[in-house]
Amino acid sequence: MADWGSHLSTMRSTAPLVLNITNFVAMNVMANVLLATGASPAMAHAEEEIAEITALSDALTINFGTADAGWMRGIFRAVETARGQGIPWVLDPVAVGVSTLRKQTAARLIEMGPAVIRGNASEILVLAGQGAGGKGVDATDGVTEAAAAARALASRTGAVVAVTGAVDYVTDGCRAFSVANGHPLMPRVTALGCSLTGVVGAFLVGQPTLEAATAALACYGVAGERAGKCASGPGSFAVDFLDALAALTPDELSQMARVTPA
Amino acid sequence: MADWGSHLSTMRSTAPLVLNITNFVAMNVMANVLLATGASPAMAHAEEEIAEITALSDALTINFGTADAGWMRGIFRAVETARGQGIPWVLDPVAVGVSTLRKQTAARLIEMGPAVIRGNASEILVLAGQGAGGKGVDATDGVTEAAAAARALASRTGAVVAVTGAVDYVTDGCRAFSVANGHPLMPRVTALGCSLTGVVGAFLVGQPTLEAATAALACYGVAGERAGKCASGPGSFAVDFLDALAALTPDELSQMARVTPA
Amino acid sequence: MADWGSHLSTMRSTAPLVLNITNFVAMNVMANVLLATGASPAMAHAEEEIAEITALSDALTINFGTADAGWMRGIFRAVETARGQGIPWVLDPVAVGVSTLRKQTAARLIEMGPAVIRGNASEILVLAGQGAGGKGVDATDGVTEAAAAARALASRTGAVVAVTGAVDYVTDGCRAFSVANGHPLMPRVTALGCSLTGVVGAFLVGQPTLEAATAALACYGVAGERAGKCASGPGSFAVDFLDALAALTPDELSQMARVTPA
């Protein structure tokens, strides 16, 4: 049994400061998810200060879900700072198919060396130049259909690509894992996908990218399974999920993770 | 017994993509409310992409609660796109009485053909040129006092006007319904009024406006009643309310709706 | 036994309209916290309307957590309006140490007569010209280390300074109180510190500043203790905390407050 829980304990022992430029819908949830998992979240975006704050951070995550032109400038400044300082960063190409602004921004960002690209199947297909892009923020394509696109995208960009859905698929272009943890209520709570991007960022700090991203996905899915045991619907699930993330131990993660080479 | 539940099942069968330009306080709640009810929410506002995203959507809702000049440009671009493509849209004139910016924006928007205007009594009175405008976002006038103003506003604009409060009043200027469902904790949870605007948008898609808006209000109020049965305060009410929206069946809505011609 | 509960009943009897310019992470939580405690929250920031809305408000609170240049203009306009009209306002110098923009903004704001400055130990030390500023939004210094800095800052600015942490310290430069209420889960829920700033604003209206701020901190801490009795983690704590704020009576606050002259 691979020791996926060790990645959680490593992350918690450093409590990395994860800076997130994300959308307005996700900010509060993402901060709570990161706190519950054991990381230290920061949210900021202003062009005037983002380089300074990025330089203080251990990891950076980018989601342009509600960004406008001003935010895009902050995003690029943050990513440039992260690159310059060797800070790992994660790209979440949320709903990339819905606008030209998103497609162009994503095209520039994937050339700037993200450590991980995390999206749903429709988003990854759009990045790979395939697929229509889903329905708003929701995927209309399956993870299996996106696996080849993910491998190609990983090979081309050098990023680890994580396609999340009922069963997640994570690849660096050569090796790949599938993660079968999770719960059907997870896509019924807004911003849980966006918030996962932050958790991936937290796990990256000082850990090998493919394994760290895989462990982050397993951690999230296992917490979802535990939350789903008692939840009466999406409202109580969201509450129980935070409790489950905080209560999850590395041992439990190692035991419950359903990760297989893919 | 009118079959109000049929409007819920029609909405769920299409899971309409509802684009919402709303305030920062409401965004996350509104997305969760729409997901729980059975619709597919989207939040975006940037002038650079809003026309493209509007064109992909089944309905649009507008709330200028925390908007500034840049957001207002996005709002008008979205509404113009919706008009051009026959996409129904809902106006939520939140706290319209508190600033000149809001009054002027609302005055322009009500001339642009909203399918529904949903507000509290004080907001509707301000739109109708009466009343001082409430206390911040909260109504200081009763729904009954606003009924005549609502009918006049509906007749003048062609919109269905929904005045929400302890007992809601919905009118197209000729016919009217009152909806007596709800729970006293609902105004104690922030953004539930704003989020209702999204649900009204979801119900509009492919359904007759007056009946759809009335059914949306009844659905919301019935879920509130169910949530209120077990809640210990506003925190647990907010959680239970999402669970109740997700669990509510069309049959239960038909049975519990307290809608009467008014 | 000092009657700290009387400050809560005074606040509730007027249900003051508290206008908050705060960060995106905190807005929803802060509005719910204010509603649960018994105040009437408003959130707005746009330069175009903020003066009008400030003039309608009973108190103002400022937190520049996710502000950019445009928001900063709104902040200064609101503060100028509050000063001109004698409306008390509270400064929350969130993560002031992380950027030049924040340090400069805070330096200007503390000269503009805040009634209260509320921050964690690291933030107060930065304002006093000491300390490195913590880790993101989290304090890395203790309240005791910041007490002298708080007294000096209060004497220099005329503001009451509240340093919050495991045991809070509140001073006007001459007198001081410590508040020993609270629960270890409070810093594990994002935005509870930011939201406390709003509650301080609510208590200020028509009440002596040092006592009002102290009572607000005690109220918050006592509600935290009650919420902590049943919570299973940070998710359920956040829910129970809102219920506890709403359920707390003035008598219970008087009995449970652990406030001592310091």
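**Group meeting talk: a three-chain predicted model**

Okay, let's start with chain A: of its 262 residues, 65% are buried, where buried means under 20% relative accessible area, exposed means over 50% and partly exposed is in between, using a 1.4 Å probe and protein chains only. Before I go on, this is a predicted model, so local features need pLDDT of at least 70, side-chain atom pairs count only at pLDDT 80 or more, and totals for chains, interfaces and linings use all residues. Residues are numbered from 1 along each chain as its sequence is written, chains are lettered from A and ligands numbered from 1 in the order in which they are written, and side-chain values use heavy atoms, with hydrogens and water left out.

So, what is chain A built from? You'll find eleven helices and nine strands; helices are DSSP runs of H or I with at least four residues, strands are runs of E with at least two, and both are numbered from the N terminus. Along the principal axes, the C-alpha atoms of chain A fill a box of roughly 45 × 40 × 35 Å. Its radius of gyration is 16 Å, which agrees with the value near 18 Å for a compact globule of 262 residues; that radius is taken over C-alpha atoms, and the globule rule is 2.2 Å times the number of residues to the power 0.38. Contacts next, meaning heavy atoms within 4.5 Å. Take those in chain A between residues at least 6 apart in sequence: 71% of them join residues at least 24 apart.

Now, the neighbours. How is chain C related to chain A? A turn of 120° and a shift of 0.0 Å along the axis lay chain C on chain A with an RMSD of 0.0 Å, the superposition being by least squares on the C-alpha atoms of residues with pLDDT of at least 70 in both. That is the relation of a three-fold axis. In chain C, F24(C) has the C-alpha nearest the axis, 3.9 Å from it. The copies use different surfaces, by the way: 7% of the contact residues of chain C recur in chain A.

And how much area do chain C and chain A bury? About 2,100 Å² between them, with 58% of it on carbon and sulfur atoms; buried area here is the accessible area (1.4 Å probe) that two parts lose on being put together, summed over both. In residues, 28 from chain C are in contact with 26 from chain A. F24(C), K135(C) and R188(C) supply 24% of the area that chain C buries against chain A, more than any other three residues.

Last stop: the UniProt record, an unreviewed entry, which has a "binding site" annotation covering M43(A) and A191(A). UniProt positions are in the numbering used here, feature names are shortened, and annotations may be inferred rather than shown by experiment.

M43(A) sits in strand β2, residues 40–43 of chain A, and counts as buried because its relative accessibility is 10%. Leaving out residues up to four places away in sequence, M43(A) touches, among others, L19(A) and N20(A), plus V25(C), G65(C) and T66(C) from chain C.

A191(A) is in the loop between β8 (176–179) and α8 (192–204). Buried or exposed? A191(A) is at 8% relative accessibility, so it counts as buried. With the same four-place cut, A191(A) touches V25(A), A26(A), V29(A) and N28(B).

That N28(B) belongs to helix α2 of chain B, residues 27–37, where eleven of eleven residues are buried. Just after α2(B), G38(B) takes a positive phi of about 125°.
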